[in-house]
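The following exercises concern helix packing, burial and aromatic contacts in one model. Each task is followed by a solution that proceeds step by step.

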Amino acid sequence: MTDVTTTRKIVLGALTAAMVTGATMLSAPVPGFRLYFNLGEGIIYTVAILLGPRYGAVCGGLGAALADLILGYPLWAPLTLTIKGLEGYVVGRLAPSGKIRAIAAGATVMAAGYSISAGLLYGWAAAPIELMTDMVQTGIGAAIALPLSATLKRRLQGTGLHN
């Protein structure tokens, strides 16, 4: 029974990372900088709320970093692995004490990490643009994740797949 459980956890982690990759690839580049707006936050937050910090970290870090590689942003992939992984972990860790608080904390981690990274990589003129893009992205992600996670939680009751 343990092997089946382990296999299911690995498959679920891979599926959630693939969902983040797909949602992140639904992106729009920010003109003038090697930055882009995407829909990955909604999936990261949903997974982290429903499945906890480990799945949040894996889906956020691996899924978004893979999207960076596919979309032609390899310089960002290691940063994304760390930033989005930490974002997913924080949301998953804090979600039991309040979803909005958890998402706000994760959004802060993400926005700070990317704004500092953009400033270091492209000059500090890029940091406010990154910050504004991240605020919109995390807001849309929250608007997706809050109702989606509530709906999915009701549907997953009794399956053992939610936190």
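**Exercise 1. Determine how many aromatic pairs the structure holds, and describe their geometry and surroundings.**

Solution.

Step 1. The structure holds two aromatic pairs; rings of Phe, Tyr and Trp (its six-membered ring) pair if their centres lie within 6.5 Å, and planes under 30 degrees apart count as stacked, over 60 as edge-to-face and the rest as tilted. The model is a predicted one, in which local features need pLDDT of at least 70 and side-chain atom pairs count only at pLDDT 80 or more, while totals for chains, interfaces and linings use all residues. Residues are numbered from 1 along each chain as its sequence is written, and side-chain values use heavy atoms, with hydrogens and water left out.

Step 2. One pair is formed by Trp76 and Tyr114, with 5.6 Å from centre to centre and 40° between the planes, and it is tilted. This pair links distant parts of the chain: Trp76 lies in the loop between α3 (53-71) and α4 (77-94), Tyr114 lies in helix α5, and the two are 38 residues apart. Helices here are DSSP runs (H or I, at least four residues), numbered from the N terminus.

Step 3. The rings of Trp76 and Tyr122 have centres 5.9 Å apart and planes at 45°, so this pair is tilted. Tyr122 is in helix α5, 46 residues from Trp76, and the pair again links distant parts of the chain.

Step 4. Trp76, Tyr114 and Tyr122 form one aromatic cluster.

Step 5. Burial is assigned from relative accessible area (buried under 20%, exposed over 50%, partly exposed in between; 1.4 Å probe, protein chains only). Trp76 is buried at 5%, and Tyr114 is buried at 7%. Tyr122, at 28%, is partly exposed.

**Exercise 2. Characterise the packing of α5 on α6, and state what follows α5.**

Solution.

Step 1. Helix α5 spans residues 99-122 and helix α6 spans residues 126-156; their axes come within 9 Å and cross at roughly 155°. Axes are lines fitted to C-alpha atoms, for helices over the stretch in contact, and angles run from 0 to 180 degrees between N-to-C directions.

Step 2. The angle therefore makes α5 roughly antiparallel to α6; the classes are roughly parallel under 35 degrees, roughly antiparallel over 145, roughly perpendicular from 65 to 115, and oblique for the rest.

Step 3. The crossing of α5 and α6 is right-handed, the near helix being turned clockwise from the far one by less than a right angle.

Step 4. The contact of α5 with α6 comprises 16 nonpolar, five polar and three charged residues. Ala, Val, Leu, Ile, Met, Phe, Trp, Tyr, Cys and Pro count as nonpolar, Asp, Glu, Lys and Arg as charged, and the others, Gly among them, as polar.

Step 5. The buried residues of α5 include Ala102, Gly106, Met110, Gly113, Ser117 and Gly119. After α5 comes Gly123, with a positive phi near 100°.

**Exercise 3. Compare the end-to-end spans of α5, α4 and α2 with their expected values.**

Solution.

Step 1. The expected span is 1.5 Å times one less than the number of residues.

Step 2. For the 24 residues of α5, the distance from first to last C-alpha is 33 Å, close to the expected 34 Å.

Step 3. The 18 residues of α4 should span 26 Å, and the 25 Å between its end C-alpha atoms agrees.

Step 4. Helix α2 (residues 40-51) has 12 residues and reaches 16 Å, close to the 16 Å expected.

**Exercise 4. Is α2 enclosed or exposed, and how does it pack against α3?**

Solution.

Step 1. Of the 12 residues of α2, 12 are buried, so the helix is largely enclosed by the rest of the structure. Among them are Glu41, Tyr45 and Thr46.

Step 2. The axes of α2 and α3 are 7 Å apart, at an angle of about 160°. The two helices are therefore roughly antiparallel to each other, and α2 passes α3 in a right-handed crossing.

Step 3. Gly52 follows α2 and has a positive phi, near 95°.
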